[in-house]
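Work through the exercises below with the structure open. Each task is followed by a solution in steps.

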Amino acid sequence: MQLWSDDRAVAVQVGAIILFAFVVIAIAGYQASVVPDQNNEIEFNHNQRVQGQLEDVEATIGSMPAVADSRTTTVDLSTSYPARTLFVNPPTPTGRLRTFGTDNGDVAIEIENAVATNGDMADYWDGGLRDYSTGAFAFDPNYNVYTRAPRTFVENSLVYNDFGSEKLTVNSQSLFDGDDITLIAVKGSFSEQGGTASVGVRPVSASSTTTTVTNSTSEQVTIRIVSRLGPGKWQSILQEDREFANQNSGGHVTSVNQVGTIPVGSETLNVIEFKMEADESYRLQVAGVGVGQLSAGEQTTNATYAVMRTDSVTTDENVDATVTVEIRDEYGNPKSDARVNATVAGDGDGQQGSIVDTERTTDENGLVTFTYETTGNIDGGAKTDTVRVSLDSDPSSGFDETTKEDVKTTVTVKNTDGSGTGGGSGGGAYTITFDDGQSYSWDVSSESSPITLRASTDPALPGVSTEFVVNDSSVATVVSSGTDPDTDSSGNADVQLEAQSNGDVGVYVGSAGSSDVINVSITGVGGSGPDTTEPSLLGASRVDDTTISVSIRDSGSGIEKSSIDADDFTTSPGSIVSIDKSGITDGATTAQTVQITLGSPVDSETVDVSIESDGISDKNGNTRTSGTVTATNMDGVAPTLDSASKVDDTTIQVTISDGGSGIDKSTIAQGDFTLSAGSISGIDKTSVTDGATGSQTVTINLQNPVDEDTITVSLQSDGIDDKADNIRTSGSASVSGMDGVAPTISNFQATNPSGDDIEVSFDSDETLQTITVEIRDSSGSVVTTLDQNDFTQSGLTYTETTVESDGDYEVELIDATDGSGNDGASSASNNPTTLTVGPAADQIAYVSGSATTNTEGTGSATLKINNSGSSPVEITDVKVEFKGGGNFQRIYEDGAGTGVGNHEIFISAVSDVGYLEADEYTIATERPLTDSAILDGSSDATISLTYFEDNQGPESASGKEVTVTLYFSDGTSTTITVTLP
């Protein structure tokens, strides 16, 4: 049996290879697309988680005033990818969390024009500047795939993401909340990268204590912070939170402005100023917290001022009393372990008691309580001692109640057993009682404060000393004139009582051995009484570039809408074209708005809106005739291109300006400018201050000088921006005197056209302003100077002819300057040039021994001549004669060609050969050359004669005497006689 042969291919192996190739391709595709997509999602989710953890950091910082305890928050600075068997992961991404600004003393929270309503606190919070260094947190991600992740910042109660072109907040601000102002300064240094960061936040100065403040008489309460966010962003944040006074939602912010910048590392931070509504009270809370490493000075605060917590106290004889004082630090928070001293100062009746322990230290709440011990029985009326308390000093000497370290209160000791009074209501010779009896009800809303209380003696005694005190000065105070009143001629003594709050207060009067008390019940404090106050101008804010919203309020009888018209307002800058008062409800007592329309946008970041003298009235006829509020972010005018000036041939300085929000330096680029002549090689904007108003300069550098006097610098469509995003997309300025290219001089020559004339001529590629040509003789002395007034101009060719005596001369173009002062004389070739003035014949001579002949019977001969002058000469005619033998009749050449030997007479001059071409030349005749020969100065020429013939044919001229006469273009001639060898 025969087996068939098997010629099939190895199909199994080929299929396996193809399948393996598909697997490799699939793995590569998965690695290239699926793995990055999955890792991108992991990184994105990690970034979201970090943002939430940074919110926890901010919440921990914000909680310090309430909890005053150290707390720790963790932040995941790294993430991980899932393990992959066949696929490769990039390195683990590690972000960095750090503080910034905490080491720069200029980064601070500032409070100004805040005056405490409490007298003791006002010794410190007196309207002066208070500042607290602070800083912020920054998280810088470092992802492998999610490369557009934002930087995240924690600053001034905010957490926000910075995407470069946009900043988006993650949480709400807590600096301002109606009447509450909360400011927290962050101190310390923190920096960690990768892993899990533990951010410990601990109180440096923190408590729930607040200080009630209002504005000083002439200024608004002002808060300044340092922020990476600009004023526009802060304004939108506060508008969203409805914290502006004109939003009628309980907010009190009237304006937000940028008032400066502070460089921190490679960044420039903004100083943002907030102004608060005037004539309002605010609860101010300031705290300091520490993160990371703190210096010794950052870990503690100083005992700064004292606050009397016992306004006044009344006690019975033989009964001790207590006086409590609070010590606060520079933040306004209670300060523990502060040393405090107390002493007693008596009145004219002597000292009624003493302090048991005169030096004590404050407890954890910043409080210290002193015991006032009465000395025992007293006689006559109530007696009053003053308790003086000083922080860290002895109050018995150098005590000054107006300083922040010194406070005082009074202790009144009553005579409870009537001893020493002599009987009666006081037991003495007279009694003193209040005319209104033992009680009085006072409604402040109907009977305005202060009221007058009268006490009278019985019998009526004039000139009797009295003393009035209250037992609770938080409810009412005695209006002091410096001394207590004496009774008048009718035995009466009057005192004024000022209401402080609703409540009951005992008013005491004492005189010698008699005393009395009246209990006054006060209501209506803060209520409405007769309206005698004009409307208030609350604030102004931007609606758009030409519209301002002005907020006014009258909380009494309400706004009289009809009293409002356009003439009531003026704006600076800008002019008013109309107002819209549809936002006002006649008689309304809440904040109302008037919209002011300007005639055109203004080139100013702020616009002041002022009330004019005719003013705005309320329903009770009270008129506001003055006052100014400010609208911010009003800049609606783009920067301007003002001028251009020359620095040098390749440098132009351009002046731009903006009077509003200031130039945005980052928008200035080379592509913003074009030139009418020349090309820009680069610009220099280092002299531009970012955000500065007024004139700023940009330097434009040209690649090369230009051959134009005037260059126009123009702005392109992408333009230059200001900080309010107004863009200047057109405009131009011209600069003159920019021609930096010298003229080009060509064809410079000096010739002797005839006689003793020297003709100087040259060409220029532009009109010349000045020309100087010097003509020097053979000794080098200048014999003639020509200037621009001597030359004749035809187009751009300049020619002048002057007369000199015979001789050799050097002619030099010294100056060829255009209207911009560029000198092109150096571009002239053949400068200086030389020439000889005089007959051409005098310059030509035979070169001795130069004659030759053809000894083979062809009848040709040559001889050389030399031009000894410096000017070229032109040979126009020639005559050849033989003397002393020979019967030559002609010179004849019948060959073809153009060179030597192809013409009867040929003169080989360097510049321009000359020749005679004829059927034949007849001996002893003057013939013009077919082409004249020009022989340069100081050069030789060879005269060739081809061929001599007598009447028999060619004949050798050897040994014969030949005479050659040369005729020149100036009419002169010379004769050369030589015996041919």
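**Exercise 1. Find how many salt bridges the whole structure holds, then place the pair of Asp 162 and Arg 228.**

Solution. A search of the whole structure gives 32 salt bridges, a salt bridge being a side-chain nitrogen of Lys or Arg within 4 Å of a carboxyl oxygen of Asp or Glu. This is a predicted model, in which local features need pLDDT of at least 70 and side-chain atom pairs count only at pLDDT 80 or more, while totals for chains, interfaces and linings use all residues. Residues are numbered from 1 along each chain as its sequence is written, and side-chain values use heavy atoms, with hydrogens and water left out.

Step 1. The closest N and O atoms of Asp 162 and Arg 228 are 2.8 Å apart, and the two form a salt bridge.
Step 2. Asp 162 is in strand β8 (residues 158–162), and Arg 228 is in the loop between β15 (222–227) and α3 (231–240); the pair links parts of the chain 66 residues apart. Helices (H or I, at least four residues) and strands (E, at least two) are DSSP runs numbered from the N terminus.
Step 3. Both residues, Asp 162 and Arg 228, are buried. Buried means under 20% relative accessible area, exposed over 50%, and partly exposed in between (1.4 Å probe, protein chains only).
Step 4. Asp 162 and Arg 228 also belong to a network of salt bridges that links them with Arg 98, Asp 140, Arg 151, Lys 167 and Glu 267.

**Exercise 2. Are Arg 339 and Glu 359 buried or partly exposed? Do the same for Lys 619 and Asp 586.**

Solution. Step 1. Arg 339 and Glu 359 meet through their side chains in a salt bridge of 3.5 Å, N to O. Arg 339 is in strand β22 (residues 339–345) and Glu 359 in strand β24 (residues 359–361), 20 residues apart.
Step 2. Arg 339 has 33% relative accessibility, so Arg 339 counts as partly exposed. Glu 359 has 42% and therefore counts as partly exposed.
Step 3. Lys 619 and Asp 586 form a salt bridge with closest N and O atoms 2.7 Å apart. Lys 619 lies in the loop between β42 and β43 (623–624), whereas Asp 586 lies in the loop between β39 (576–580) and β40 (592–598), 33 residues apart.
Step 4. Lys 619 is partly exposed because its relative accessible area is 37%; Asp 586, with 40%, is partly exposed.

**Exercise 3. Classify the ring pair of Phe 137 and Phe 190.**

Solution. Step 1. Rings of Phe, Tyr and Trp (its six-membered ring) pair if their centres lie within 6.5 Å; planes under 30 degrees apart count as stacked, over 60 as edge-to-face and the rest as tilted. The count by this rule is 14 aromatic pairs.
Step 2. For Phe 137 and Phe 190 the ring centres are 5.9 Å apart and the planes stand at 70°, so this pair is edge-to-face.
Step 3. Phe 137 is in strand β6 (residues 136–140) and Phe 190 in the loop between β11 (180–187) and β12 (191–193), so the pair ties together parts 53 residues apart in sequence.
Step 4. Phe 137 is buried at 1% relative accessibility, and Phe 190 is buried at 7%.

**Exercise 4. Which residues form one aromatic cluster?**

Solution. The cluster consists of Phe 748, Phe 762, Phe 791 and Tyr 798.
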